[in-house]
Amino acid sequence: MSDQTMAFDRASEAREAIAASIAAVRSGEADLSAAFAAADADPLVGRCFAVKVFEAVPGIGKVRARRTMADLGLAEDIWLHQVPADKRAAITAAFAGPGPL
């Protein structure tokens, strides 16, 4: 098997793992705590952009996800496994309650 084929296979695995994680959050099957745990356990899931997972939380849209990240000082291009523990708790709490009216 060539190096290029192996790289394509690895990229495909990563895309599938990230899509499964986002789908679990979107369906309510997993919460943000579970997504963070999966990111810490699986390096493929950890390389997902955090904003994509936050946007998938039911009731949280693109605007609220990005505003909350900006309020917490998180860059939009941070990977899920790179979110610090204190920011994880803050963003989980921010998304747990009802949104602004």
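In the predicted model, a polar atom of the R64 side chain lies 2.7 Å from the backbone oxygen of A94. R64 belongs to helix α5, which covers residues 62-72. The residue is buried, yet R64 has no salt bridge. Its nearest side chain of opposite charge is D71, and that side chain is 8.8 Å away. A separation of 8.8 Å does not meet the salt-bridge criterion, because that criterion requires a side-chain nitrogen of Lys or Arg within 4 Å of a carboxyl oxygen of Asp or Glu.

The overall fold is helical. Six helices and zero strands make up the secondary structure of the chain. The order along the sequence is α-α-α-α-α-α. Along the principal axes, the C-alpha atoms fill a box of roughly 55 × 25 × 20 Å. The chain has 101 residues, of which 34% count as buried. Contacts were also examined by sequence separation. Among contacts in the chain with a separation of 6 or more, 67% come from residues 24 or more positions apart. The exposed surface of the chain amounts to about 6,100 Å². Carbon and sulfur atoms supply 58% of that surface. The chain carries 11 positive and 13 negative charges. The mean positions of these two sets are 7 Å apart.

Salt bridges were considered next. The count for the model is three. One of them pairs D40 with R88, with the closest N and O atoms 2.8 Å apart. This pair links distant parts of the chain. D40 sits in helix α2 (residues 32-41), whereas R88 sits in helix α6 (residues 85-96). The two residues are 48 residues apart. R88 has a relative accessibility of 15% and therefore counts as buried.

A second salt bridge joins the side chains of E55 and R66, at 2.9 Å from N to O. Here too the pair links distant parts of the chain, with E55 in helix α4 (residues 50-56) and R66 in helix α5. Eleven residues separate the partners. E55 is buried, with a relative accessible area of 14%. R66 is partly exposed, with a relative accessible area of 27%.

R66 also meets E76 in a salt bridge, at 2.5 Å from N to O. E76 lies in the loop between α5 and α6, ten residues from R66. This pair likewise links distant parts of the chain. E76 has 40% relative accessibility, so it counts as partly exposed. Shared partners join E55, R66 and E76 into one network of salt bridges.

Helix α5 also holds A65. This residue is buried, with a relative accessible area of 0%. Beyond residues up to four places away in sequence, A65 touches F54, E55, I60 and F95. E55 thus appears both among the contacts of A65 and in the salt bridge with R66. The C-alpha atoms of A65 and V51 are separated by 6.7 Å. Along the chain, A65 and V51 are 14 residues apart.

Helix α5 therefore recurs in these results, because R64, A65 and R66 are placed in this helix. R64 is buried and has no salt bridge. A65 is buried. R66 is partly exposed and takes part in the network with E55 and E76.

Key:
Residues numbered from 1 in each chain as written. Predicted model: local features only at pLDDT ≥ 70, side-chain atom pairs only at ≥ 80, totals over all residues. Heavy atoms only, no water. Helix = DSSP H or I, 4+ residues; strand = E, 2+ residues; numbered from the N terminus. Buried < 20%, exposed > 50% of the residue type's maximum accessible area, 1.4 Å probe, protein only. Contact = heavy atoms within 4.5 Å. Areas by Shrake-Rupley, 256 points an atom, 1.4 Å probe, with all protein chains shown as cover. Lys, Arg positive; Asp, Glu negative; His and termini not counted. Charge placed at Lys NZ, Arg CZ, Asp CG, Glu CD. Polar contact = N/O pair within 3.5 Å; in protein donor to acceptor, adjacent residues only side chain to side chain.
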